[in-house]
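Student: Hey, got a minute to walk me through the charged pairs in this one? I'm new to it.
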Amino acid sequence: MTSATKPSPMPPRFRRLLAVALVLAVPAMPLAAHHSFAMFDPGRPMTFQATVKTLQWTAPHAILWVQAGPVGGYDAGLWSLELPTSPGNLSKMGWSRTVLKPGDKVVVDINPMRDGRRAGQFKKARIVATGKVLGIGTIPGTQPPK
C-alpha cells in the first residue's frame, strides 16, 4: 500500500472536531492581533501647538512625534500621537509620508492617554504655516475618533 492510500491514524470524529475548531478560530485571529483604543481618554480632549519631530509611517498605525511646551498639567517634552488607521488608509485620505515634515509647526487635537503619559490618539492637526487641516475618517469604513 502507498502512503496515499493508508488510512488516517486520526479517528473521523476527531478530524471533524479539529476542522470545526479551525473554522471557528481563524476568523477571530485578526481581532486578537488588533489592540483596543481604550487606553485613550475621549472625555479629556486636548488641543495644543507643537513642532513635528517625525511622522513614523509604519503599520499597523502611523505615529506622529511632536515636541511641545507645557500643556495642561504636562511638562514640556516629546509626545507620541497614534493615528487610528494604517498608512495605506491614510494614503487614500490624501496623506503621504512627507505631508508633515520635521520642524513644521502644528496645532494638534488629541485624546490623551488615561495613564498620564505624554501620548495620545491623534484626531486632527492644522499646519500653522499653511492652515492645511489633516484629519482622518474620510474613506469608507473609517470614522474620526470621538
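Tutor: Sure. A salt bridge here is a side-chain nitrogen of Lys or Arg within 4 Å of a carboxyl oxygen of Asp or Glu. Keep in mind that this is a predicted model.

Student: Okay, how many salt bridges does that rule give?
Tutor: The count comes to four.

Student: How far apart are N and O in the bridge between Asp115 and Arg117?
Tutor: They are 2.7 Å apart.

Student: And how exposed are those two residues?
Tutor: Asp115 is partly exposed, with a relative accessible area of 48%. Arg117 also counts as partly exposed, at 48%.

Student: Which residues get joined into one network?
Tutor: Asp41, Arg44 and Arg114, through salt bridges that share partners. In the bridge of Asp41 with Arg44, the closest N and O atoms are 3.1 Å apart.

Student: Is Asp41 buried or exposed?
Tutor: Asp41 is buried, at 14% relative accessible area. Its partner Arg44 is partly exposed, at 37%.

Student: Switching topic: what does Asp109 pair with?
Tutor: Asp109 meets Lys124 in a salt bridge, with 3.9 Å from N to O. Asp109 sits in strand β4 (residues 105-112) and Lys124 in strand β5 (residues 119-127), so the pair ties together parts that are 15 residues apart in sequence.

Student: Why does Asp109 count as buried?
Tutor: Because its relative accessible area is 16%, and buried means under 20%. Lys124, at 39%, counts as partly exposed.

Methods. Residues are numbered from 1 along each chain as its sequence is written. This is a predicted model: local features need pLDDT of at least 70, side-chain atom pairs count only at pLDDT 80 or more; totals for chains, interfaces and linings use all residues. Side-chain values use heavy atoms; hydrogens and water are left out. Buried means under 20% relative accessible area, exposed over 50%, partly exposed in between (1.4 Å probe, protein chains only). Helices (H or I, at least four residues) and strands (E, at least two) are DSSP runs, numbered from the N terminus.
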